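Here is a short briefing on one protein model. Keep the sequence and the 3D view open while you read.

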Amino acid sequence: MMQQLRFLYRLIVFALLVFVFAALNIVHGVLLTLLTFKTRHPSLTPLWGTSMTRVFALLGGTDVVVVEGREHLEEDQSCVFVANHQSSLDMLVMMAIWPKKTVAVAKQSVAFMPLFGMAAYLNGTIFINRKDSQGAKQHLNNVFKGMLARKERIWFFPEGTRNRTTGEMLPFKKGAFHMAVAAQVPIVPIVITSMAHFYSRSEMRWDAASISVAALPPVPTTGLSKDDLPELMENISKQMQSAQARINSVH
C-alpha cells in the first residue's frame, strides 16, 4: 500500500512540475515573441528546467546527476545529441541538463498535447510525421541547414520509442545518424542509467533515487557517407551500452 501511495504522490508532483514548467515556458516564450518577433526560443528549457528539477529533487526525491562528460554538453559547436529513451522521466533529465542552443525532435502528435505542445513549439521543437519517413528526413535536413549557421544543436531519441521494462537499449533508427553524416557534424551520445531499479509504472513503484547521466565524447562524422551508417550506428550503440552498464553498476 505504501509503495502505491509513494508512486501516486510522486506522479502528482511530477505532473504539477511539468504543468508549471510548460506554463512558464509559454508565458516567457510569448513575451519574447512580442519583443523579438521570433517564434522559436531554444533558450527557454535551460532557463526554467534546472529550477524545476531542483524543486522536484526536494519534493519528489528524484534528482539528476551528470557523472561523466559534462564538458561535452557545453561545447560551442553544432552537433547531434542521441540519448536512450525509457519513460516520461526522461523529461527530468532533459530539463536538468539541456544544452544551450539545442532543440528536440518529437513526433507530430506532441504538438497537439494541451499546454505542453505549445511550450514545445515555443522551445523550438521540430515535429515530424513518422508515417512519412522521406518527408520527415527532408524536413529535418532543411531545418538543420539553418541551425548550422547559428551553431545550434539537435536532440534525438534514436530508438524511436521507450523501453519501459528493462531500461536496456532498443535498436536505433537511422534518422539522427543520417542527419549528422549529411551535415558532417559530430554525434554526442547521452546515456541515461536504467530506471528499472527504482521506477515501474506497471508495478506502481517509484522510489527515491538519483538518475545518473553520462555524456560521451563527440563522435566525428567528417568524411563519412550514408554507406558508413550501419557501422557508425553499431559503434555508437556499443559505446552507449557499455557506458550504461558502467553507470548502472553504481546503484
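Start at a strand pair: Val82 stands opposite Pro189 in strand E6. The model is predicted. From this pair, the briefing moves to the strands, the cores, a pocket and a helix.

**Strand E6 and its partners**
- E2 and E6 run parallel and are joined by four bridges.
- E6 also pairs with E9, here in the antiparallel sense, over three bridges.
- In that second pairing, Ile192 stands opposite Val213 in E9.
- Six of the six residues of E6 are buried, so the strand is largely enclosed by the rest of the structure.
- Both of its faces are covered. Ile187, Pro189 and Val191 are buried on one side, and Val188, Ile190 and Ile192 are buried on the other.

**Nonpolar cores**
- The largest nonpolar core holds 34 residues. Those with the most contacts inside it are Ile97, Trp155, Ile190, Phe198 and Trp206.
- Two or more residues each come from helix H1 (2–36), helix H2 (44–60), strand E2 (80–83), helix H4 (90–97), strand E6 (187–192) and strand E9 (209–215).
- H1 gives the most to this core, with six residues.
- What does Trp206 touch, leaving aside residues up to four places away in sequence? Its contacts are Arg6, Phe7, Arg10, Leu11, Phe14, Phe56, Thr62, Leu89, Phe198 and Tyr199.
- Apart from the largest core lies another core, of 32 residues. Met169, Ala214, Leu229 and Ile236 are among them.

**The second largest pocket**
- The second largest pocket has a volume of about 370 Å³.
- Its lining has 16 residues. Closest to the centre are Arg40, His41, Pro42, Arg150 and Glu152.
- By class, the lining has seven nonpolar, five polar and four charged residues.
- H1, strand E4 (126–128) and helix H6 (133–149) each supply at least two residues of this lining.
- Which element gives the most to the lining of the second largest pocket? H6 does, with three residues.

**Helix H7 and its end**
- Helix H7 covers residues 175–183. Its buried residues are Ala176, Phe177, Met179, Ala180 and Val181.
- Gln184 follows H7. The phi of Gln184 is positive, near 60°.

**Elements to revisit in the view**
- H1 gives six residues to the largest core, and H1 also supplies at least two residues of the lining of the second largest pocket.
- E6 gives two or more residues to the largest core, and E6 pairs with E9 over three bridges.

Key
Residues numbered from 1 in each chain as written. Predicted model: local features only at pLDDT ≥ 70, side-chain atom pairs only at ≥ 80, totals over all residues. Heavy atoms only, no water. Core = buried A, V, L, I, M, F, W, Y, C linked by side-chain atoms within 4.5 Å. Buried < 20%, exposed > 50% of the residue type's maximum accessible area, 1.4 Å probe, protein only. Contact = heavy atoms within 4.5 Å. 1 Å grid on protein atoms, 1.4 Å probe; cavity = no way out; pocket = protein on both sides within 12 Å on 5 of 7 lines; lining within 4 Å. Points joined across faces, edges and corners; volume = space filled by probe spheres on them. Nonpolar A, V, L, I, M, F, W, Y, C, P; charged D, E, K, R; others polar. Pairing = 2+ DSSP bridges.
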